[in-house]
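Hi everyone, thanks for coming. I'd like to walk you through one structure, piece by piece, so keep it open in front of you while I talk.

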Amino acid sequence: KIKVRQPLSEALIDGKNETLIADLVPLIEEELNIKNVTFVDDLNEYMNLSVKPNFKVVGKIFGPMIKEFQAKLESLSEEDVNKLQKGTSIIMELGGNDKEITSDMVDIRISSKEGFNVGMENNNFIILNTELTEELIMEGIARETISKVQQLRKNNNFDIVDRIKLYYNGDDEFVNALNRYMDYIKSETLAVDIIEKDNLSEKFDLNGHEVYLTVEKI
């Protein structure tokens, strides 16, 4: 539920992929609106793994041993969990005998720790640091402002090179973001002046802030 124009501080990627995509880090940062891409060897610091029986597969196979199987899955080593994730079988003692446990016998569920969000496909992980600092929030407001101003330019049929005056009215947090990113907003919108003004009619929701914006071609 974080808007794509809201910058995030960091994306964490499984270190096994570093040699493959390290050259693409600048592109990843730009496309994901991420400040830093970090390759990490141990992603478990940022996510929780739970391993449960896939009852549809093992119910008939293990029968009365299913509870023992479930209990042992809860205490699996990280190494064994990783093997199952990669499709490699492991050996587990059940009912006094060694049993081969394959990846289709288990249901591995992943959840992110607080402040992070994890996605996985084909055993490739990416984790986003979703904690928003004041600086990131202000930059997000600035980027949303630019988007709304560009839409206003389009609605008014301005030419792509037309210089404008931007009039605004909003709360203190919006004004703080505007002041901090004034030069950036001017550059992106071709605004020569950004001026506070009352009684504006076009209202926008900028990341939860009620803001009024109007543009005027110079």
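Before we look at any residue, here's one cut-off we'll need: a residue is called buried when its relative accessible area is under 20%, exposed when it's over 50%, and partly exposed in between. Also keep in mind that what you're looking at is a predicted model.

Okay, let's use that cut-off right away. Is Asn157 buried or exposed? Its relative accessibility is 68%, so Asn157 counts as exposed. You'll find Asn157 in the loop between helix 6, residues 134-155, and strand 9, residues 164-169. There's something else to notice there. Most residues other than glycine have a negative phi. Asn157 isn't a glycine, yet its phi is positive, near 60°.

Another asparagine has a positive phi too: Asn199, at about 60°. Asn199 belongs to the loop between strand 10 (191-196) and strand 11 (203-206). With 80% relative accessibility, Asn199 counts as exposed.

Now let's go to the sheets. One of them is an open sheet of four strands, and if you read across it, the order is 2-1-8-7, with mixed pairing. Which strands sit at the edges? Those are strand 2 (34-40) and strand 7 (116-121), and each of them pairs on one side only. On average, neighbouring strands here are turned by 20° against each other, if you ignore direction.

As a quick reminder, strands of a sheet pair through backbone hydrogen bonds, either parallel or antiparallel. Strand 1, residues 8-14, and strand 2 run parallel, and six bridges join them. To see one of those, find Ala11 and look across to strand 2, where its bridge partner is Val37. Packed on this sheet is helix 2, residues 25-32, which touches strand 1, strand 2 and strand 8 (124-129). The direction of helix 2 makes about 130° with that of strand 2.

Next, an open sheet of four strands with the order 10-9-12-11, and here too the pairing is mixed. Strand 10 and strand 11 are the edge strands; each has a single partner strand, so one side of each is left without a neighbour in the sheet. The twist from one strand to the next averages 35°. Strand 9 and strand 10 run parallel, joined by five bridges. Take Tyr167 as your example: its bridge partner in strand 10 is Ile195.

Two helices to look for on this sheet are helix 6 and helix 8. Helix 6 packs against strand 9, strand 11 and strand 12 (209-217), and its direction makes about 45° with that of strand 12. Helix 8, residues 182-189, touches strand 9 and strand 10, and its direction makes about 125° with that of strand 10.

Let's stay with helix 6 for a moment, since Lys148 is found there. With a relative accessible area of 17%, Lys148 is buried, because that value is under 20%. What does Lys148 touch, leaving out residues up to four places away in sequence? The list is Arg5, Phe204, Asp205, Leu206 and Leu213.

Helix 6 also meets helix 7. Their axes come within 9 Å and cross at roughly 80°. That makes helix 6 roughly perpendicular to helix 7. From helix 6, the residues in this contact include Ile137, Met138 and Ile141, and from helix 7 they include Phe174, Ala177 and Leu178. By type, the residues of this contact divide into six nonpolar, two polar and three charged. Asp172 lies in helix 7, which covers residues 172-180, and Asp172 is exposed, with a relative accessible area of 63%.

For another helix pair, find helix 3 (residues 55-62) and helix 4 (residues 66-74). Their axes come within 9 Å and cross at roughly 130°, and helix 3 and helix 4 are therefore oblique to each other. Here Phe55, Val58 and Phe62 in helix 3 meet Ile66, Phe69 and Gln70 in helix 4. That contact has five nonpolar residues, one polar and no charged.

Last stop: Arg109, in strand 6, residues 106-112. How far apart in space are Arg109 and Asn48? They're 61 residues apart in sequence, and from C-alpha to C-alpha it's 8.2 Å. Setting aside neighbours within four places in sequence, Arg109 is in contact with Asn48, Leu49 and Ser50. The side chains of Arg109 and Asp107 are joined by a polar contact of 2.8 Å.

That's my tour, thanks for listening!

Technical notes:
Residues are numbered from 1 along each chain as its sequence is written. This is a predicted model: local features need pLDDT of at least 70, side-chain atom pairs count only at pLDDT 80 or more; totals for chains, interfaces and linings use all residues. Side-chain values use heavy atoms; hydrogens and water are left out. Buried means under 20% relative accessible area, exposed over 50%, partly exposed in between (1.4 Å probe, protein chains only). Axes are lines fitted to C-alpha atoms, for helices over the stretch in contact, and angles run from 0 to 180 degrees between N-to-C directions. Angles under 35 degrees count as roughly parallel, over 145 as roughly antiparallel, 65 to 115 as roughly perpendicular and the rest as oblique. Contact means heavy atoms within 4.5 Å. Ala, Val, Leu, Ile, Met, Phe, Trp, Tyr, Cys and Pro count as nonpolar, Asp, Glu, Lys and Arg as charged, and the others, Gly among them, as polar. A polar contact is a pair of N or O atoms within 3.5 Å; within protein, one must be able to donate a hydrogen and the other to accept it, and residues adjacent in sequence count only if both atoms are side-chain atoms. Two strands pair if DSSP finds at least two bridges between them.
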